[in-house]
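This briefing goes through a few local features of one protein model, grouped by topic. Please keep the sequence and the structure open while reading.

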Amino acid sequence: MSLPESGALHLALQRLVAEATRDPRLASEFQRARREFFGGDGEDAVEPGPAAETRCVEWYLLERESEVLGEEPGRRMLREVAELDAAQALLMESVAGVFAVENTGTPGEVVRLRDLQDSVVHEVVAPLGLALSSGDLVVGRLYGTATRAGVVSPAVAVQNDGRALGAAFLADVHQLQLDRRLTQVEIEHLLFLPARRAEAAERALPPLEHVEAQLQGLLVSAGHADHDVAEISEALRQAASPGTVIGPILDELAFETDVDLDAARRLLIDLWNAQRRISAGEAAAASRPRAADVATPSAPGLGQRLASRIEEGLERAEDLEELFAEVEAMIGDGAGIDDDAEAAAGGDVWEGDLAPLIQEYLWEEQRSGGDAERVLHELVRQQREAPVPRMNLEDVQAEDLLRLFVGAYLAAEPRARAQRVQSYWAIVEHFFRWAERTQEFELGAPLEACRDGFVAEVERIHRASLALSTPPSAGAELPPPALLRVGEVDRDGFEVLRGGDRVWVETAAAPADLRQGDLLLGTLQRESEVGGALRGLVLVLPASAEPMLGE
């Protein structure tokens, strides 16, 4: 493979994105995807560089399934644009990951890159202007590696002497405990997003005094200078929620002045958030030991030991597969990771606008302290704990909402499952519609996908679950439940698929409410060569819930 193919690859990517964004629907979708890739945007966001922009394009074209097309946009464009026929094999044989360089190579030479996620070694041609050395770490996408020396994406990031970063990446992957590869957007969020957000946060956070001065100026301009902004600020600092303070102030301003209430509301919310950040910072500082209390460590932390072990193994030219297996064993279950490694990983999840908008919604709609607050705070908690936290409301996907609704369904008492899901749906839909009305967001797509894929099915699957469940038999020990799938269904029974087995369950209890492809959580007992029965508690779920079950 010759070096000019790298330039041809770049041109092909540019042509693909130009073709994709000619459709206005795809142009809008790409902007949403870009916000997801970079963790939001706005006037205070740190602009990513050209390489990061290209990595975003690669992910959108080749890995992210389009809601409009039902497949990756790049696959559609490659079929439809004749001029790109020669680039098909190159573009469709690609893998995104984090790769350790095994040998030194100058531009034009073949370099071996070991994928840290699965230990597969890829041979690639070192591109022009990029000399790679043993121990470097390459982050990004490789092309055309299936049958020959491949091409390195023009957008890869290279970390010279990246052993420590590789060890930290392995630790993060181990803690996530995923049974699949990380996607390109997840790698981006894991390795690059914390630094960009930290920089953005430093630029975007206005000092408390500036917010107070802006609020004072607004009140003075409206002829309402008798409000003491310092007292308002202190009241917000002590308040458990902003509504108890902001609501009465806005009511008074609306009654007594012609002040811009939207501007006043925004400044009051900014004041509340500024006070929260200050309080959080003070709490964190108070919890840290003073310098005099910090003991000198008697041994290096786990992060240092991992980096040293990898460096030693590479210098001795040890087998990398065995070396990284040893590193994973050192990591264990993550319980021994030192504080320095945790700090390097970025600390707490960056908070976008999701939590503040929920807080604003609760007090504005007077729904604090009830089910709405509990359900929406559960949504925030789930987003924080997700492999790729989506903390901006516009970035929340159908899969995030589905995770919330499926969790509610599984946790409810058997006869209350449908009612619980419907109550969750009503709360989330009301919040989303409020955000569409007040913030001018477009949030219909994830709502509609969840409604059609799960909420609209919940009455049916609830009836089927109750019909198929049987009371436990006294003294009988059943094997643990398993995830099963419904095959063919007729009025006398239905087929249950378990691995490679097909078992017929003869019953008239539930077939009317079952659909081929439904999932069953339950215990299947075989009673004959081809027949069997479900025993104990049975949960029926639509096929759309499968990704939420970790199977």
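Which side chain meets that of D161 in a salt bridge? The partner is R163, with an N to O distance of 2.2 Å. The model is a predicted one, and the points below cover its salt bridges, two positive phi values, a group of paired strands, a helix and a charged surface patch.

**D161 and its surroundings**

- D161 belongs to the loop that runs between β6 (157-159) and α6 (163-176).
- The backbone of D161 has a positive phi of about 50 degrees, although the residue is not a glycine.
- For comparison, most residues other than glycine have a negative phi.
- D161 counts as partly exposed because its relative accessible area is 49%, and partly exposed residues fall between the 20% and 50% limits.
- Its salt-bridge partner R163 has a relative accessibility of 15%, so R163 counts as buried, the limit for buried being under 20%.

**Other salt bridges**

- The count for the model comes to 29 salt bridges.
- E102 forms one of them with R114, and the closest N and O atoms of this pair are 2.7 Å apart.
- E102 lies in the loop between β1 and β2 while R114 lies in strand β2, so the pair ties together parts that are 12 residues apart in sequence.
- R114 counts as buried because its relative accessibility is 8%.
- Another salt bridge joins the side chains of E378 and R381, at 2.5 Å from N to O.
- E378 and R381 are three residues apart in helix α17, so about one helical turn separates them.
- Both ends of this pair are partly exposed: E378 has a relative accessible area of 25%, and R381 has a relative accessibility of 34%.
- Elsewhere, E36, R64 and E67 are joined into one network by salt bridges that share partners.

**Strand β1 and its partners**

- Strand β1 covers residues 94-101 and is mostly covered, with seven of its eight residues buried.
- β1 pairs with strand β4 (residues 137-143) in the antiparallel sense, over seven bridges.
- Within this pairing, G97 stands opposite G140 of β4, and F99 stands opposite V138 of β4.
- β1 also pairs with strand β2 (residues 110-115), again in the antiparallel sense, over three bridges.
- Here V101 stands opposite L113 of β2.
- The strand β2 that pairs with β1 also holds R114, the salt-bridge partner of E102.

**Strand β4 and its further partners**

- How many of the residues of β4 are buried? The count is seven of its seven residues.
- Apart from its pairing with β1, β4 is joined to β6 by three bridges, and these two strands run antiparallel.
- One facing pair is V139 and A157, the latter being in β6.
- β4 further pairs with strand β5 (residues 150-152) in the antiparallel sense, over two bridges.
- In that pairing, L142 has V152 of β5 as its bridge partner.

**Helix α16 and the loop after it**

- Helix α16 spans residues 354-364 and is mostly covered, since nine of its 11 residues are buried.
- The buried residues of α16 include L354, L357, I358, L362 and W363.
- Q359 and E360 are also among the buried residues of this helix.
- Just after α16 comes Q366, whose phi is positive at about 55 degrees.
- Q366 sits in the loop between α16 and α17 (371-385).
- Is Q366 buried or exposed? Its relative accessibility is 75%, so Q366 counts as exposed, the limit for exposed being over 50%.
- The helix on the other side of this loop is α17, which holds the E378 and R381 pair.

**A negative surface patch**

- E488, D490, D492 and E506 form a negative patch on the surface.
- D490 of this patch lies in strand β7 (residues 482-490).
- D490 counts as partly exposed because its relative accessibility is 37%.

Methods:
Residues are numbered from 1 along each chain as its sequence is written. This is a predicted model: local features need pLDDT of at least 70, side-chain atom pairs count only at pLDDT 80 or more; totals for chains, interfaces and linings use all residues. Side-chain values use heavy atoms; hydrogens and water are left out. Buried means under 20% relative accessible area, exposed over 50%, partly exposed in between (1.4 Å probe, protein chains only). Helices (H or I, at least four residues) and strands (E, at least two) are DSSP runs, numbered from the N terminus. Two strands pair if DSSP finds at least two bridges between them. Patches are made of residues with over 30% relative accessible area and no salt bridge: like charges are joined within 9 Å, nonpolar side chains (Val, Leu, Ile, Met, Phe, Trp, Tyr) within 5 Å. Accessible areas come from the Shrake-Rupley method with a 1.4 Å probe; for residues, only the protein chains shown count as cover. A salt bridge is a side-chain nitrogen of Lys or Arg within 4 Å of a carboxyl oxygen of Asp or Glu. Lys and Arg count as positive and Asp and Glu as negative; His and the chain ends are not counted. The place of a charge is taken as NZ of Lys, CZ of Arg, CG of Asp or CD of Glu.
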